[in-house]
Amino acid sequence: MPACKEIMDDIEDIIGSNEVTPSERFSNKQQVVPKVRLRKKKRKDVDDETGSNTNSNQSSAADIKTSTNGQEDEDEFDHKSIIPGTQKIYVKTWGCSHNNSDGEYMAGQLAAYGYQITGNSQEADLWLLNSCTVKNPAEDHFRNDVKHAQQQGKQLVVAGCVPQGQPKLGYIHGVSIVGVQQIDRVVEVVEETLKGHTVRLLKQKKKDGKKIGGAALDLPKIRKNPLIEILAINTGCLNQCTYCKTKHARGELGSYHPDELVERAKQSFQEGVCEIWLTSEDTGAYGKDIGVSITELLWQLVEVIPEGCRMRIGMTNPPYILEHLEEMSKILNHPRVYSFLHVPVQSGSDNVLLDMRREYSVADFRRVVDFLRERVPGITIATDIICGFPTETDEDFEETMRLVEDYKFPSLFMNQFFPRPGTPAAKMPQVPAQMKKARTKKLSILFHSYRTYDHKIGQTQQVLATEVSHDKQYYVAHNKCYDQVLVPMKEEYMGKMMEVTIVETGKHFLKGVLVSEADVVTPSIAKPLELGQVSGLPQILQEEPAESWPWLRITLFIVVLAAVLDLARLLLYYFLYTGD
């Protein structure tokens with residue numbers, strides 16, 4: 001039977017008042033009028049790579065400094081005029097759900113400005129590659145696509161944790177960068193890149209000198225799944241893990257205010273969303289920088305979740321969940337919250353955890369799991385384990401094996417250790433590659449030796465269908481414990497809450513059959529947006545063809561210019577004939 005896994009997992013290995021509005025920012029951009037022949041100039045470099053703003057809300061288009069000393073090539077001509085907002089953009093994202101949310105926001109802003117988002121990389125005029133730096137393979141894929149774009153002569157903009165953490169990497173030299181906290185300025189970067197400039201925006205966003213969560217949450221967005229809102233509640237973390245590269249990119253903790261998050265959740269449900277994912281590098285640490293706790297936020301969010309809709313809480317490290325076990329158990333028991341929590345342990349050895357600087361013990365982790373399993377019936381606890389950390393001995397690894405044997409986690413993310421450049425763990429003596437592979441394989445064999453769903457055959461469960469299985473044969477629904485339940489692929493079931501009987505189980509899934517068609521209900525309070533439709537735009541703009549927006553802007557510019565010239569002519573006549 002097909003084994004369905006989530007496309008976007010929470011990945012733990014990581015890591016003012018004068019705000020210029022988007023309309024004000026874009027209004028000062030030079031409008032380019034089509035010409036018959038436009039001379040092709042050499043590439044100009046624009047670099048805003050260093051420094052930090054005391055208040056990033058003062059950032060504006062003035063940060064882009066354009067060089068003007070290029071020479072014209074008398075023999076080469078570019079017969080294509082650059083009309084901002086008319087090109088096709090290919091957007092690709094790697095990594096965690098936080099990164100996917102950033103990618104959705106960038107795509108939404110570009111589409112709202114008039115650019116056409118395409119899934120066809122060949123027909124695109126520009127590639128926007130949103131990277132992940134957690135493990136070597138993820139960066140390898142990113143690097144390969146960067147080189148592929150350059151070989152094809154595509155205009156290129158990179159984003160995400162790789163360029164933010166290492167902007168001087170050789171293979172992105174001369175490439176435009178959108179920093180992880182500058183995604184609200186992606187339109188500027190794309191526009192300037194299409195003109196032949198290189199733009200790099202890497203600053204942190206600050207308010208009153210203090211780091212904040214990031215770009216505004218009410219920006220336009222294109223959800224990959226119109227039924228699911230990925231809501232980043234904070235960025236960065238409080239830890240200093242020795243293996244973590246993402247910390248270099250996301251930095252210290254920066255939390256959004258609860259009011260902002262609640263408003264974004266309400267907007268999402270009003271656009272037909274029926275499932276919300278809370279995400280960050282560490283959800284448990286939320287609010288410690290602004291005097292708010294994660295449980296305070298969760299209770300506020302629960303109040304605005306419509307009946308039948310669901311919220312999934314993202315990854316939290318053990319130290320922070322320990323402070324809120326009692327309240328967390330109550331929240332996870334709430335009917336509108338999935339009884340699911342991702343708590344990465346990374347190793348079953350205290351010695352290894354100490355070398356990783358994880359700031360908790362194996363006993364702390366066991367306390368979290370034991371408490372939640374006792375207080376939250378059927379809860380699913382997912383965890384992560386790194387095999388082959390530099391100081392891991394055979395005895396340390398056996399302790400990890402015993403931990404997995406004791407708890408038989410239904411969801412286990414196994415990662416072979418990869419030394420990430422610039423991290424303390426990369427400088428330690430490494431475990432031989434073959435030994436790392438052998439340990440990973442041994443753990444994998446243990447994980448696949450047990451089944452955690454067989455006892456659920458015959459149960460009747462309420463499930464919410466929101467996704468499609470990898471083999472495209474079923475819809476993927478989730479029960480209260482966030483188990484993956486395969487249901488028949490009937491269009492009328494998508495986005496619906498239904499009652500099913502479990503008739504089959506596998507290692508990673510359950511399969512259900514509908515009890516009664518009469519039990520199929522729609523939890524969404526509004527019709528979901530169409531796939532590819534931009535969230536957060538007024539309805540009139542949603543109905544207007546996107547390709548016409550740049551022409552409307554150009555027409556408006558010409559009308560305004562004509563009015564200004566008429567006014568200037570009248571003033572000239574006045575002074576000439578009155579003598580004043």
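This dialogue walks through a few features of a predicted model.

Q: On what basis are the values given?
A: In this predicted model, local features need pLDDT of at least 70 and side-chain atom pairs count only at pLDDT 80 or more, while totals for chains, interfaces and linings use all residues. Residues are numbered from 1 along each chain as its sequence is written, and side-chain values use heavy atoms, with hydrogens and water left out.

Q: How are two packed helices described?
A: They are described by the angle between their axes and the distance between the axes. Here helix α10 (residues 325-332) packs with helix α12 (residues 362-375) at an angle of about 40°, the axes being 10 Å apart; axes are lines fitted to C-alpha atoms, for helices over the stretch in contact, and angles run from 0 to 180 degrees between N-to-C directions. Helices are DSSP runs of H or I with at least four residues, and strands are runs of E with at least two, numbered from the N terminus.

Q: Which residues of α10 and α12 meet?
A: Leu325, Glu326, Ser329 and Leu332 in α10 meet Arg367, Val368, Phe371, Leu372 and Arg375 in α12, where contact means heavy atoms within 4.5 Å.

Q: How are the strands of the open sheet ordered?
A: Two strands pair if DSSP finds at least two bridges between them. In this model 6 strands form an open sheet with parallel pairing, in the order β5-β4-β6-β7-β8-β10, and the edge strands β5 (116-118) and β10 (200-201) each pair on one side only.

Q: Where does Gln109 lie?
A: Gln109 lies in helix α2 (residues 97-113), and α2 lies across β4, β5, β6, β7 (155-160) and β8 (176-178).
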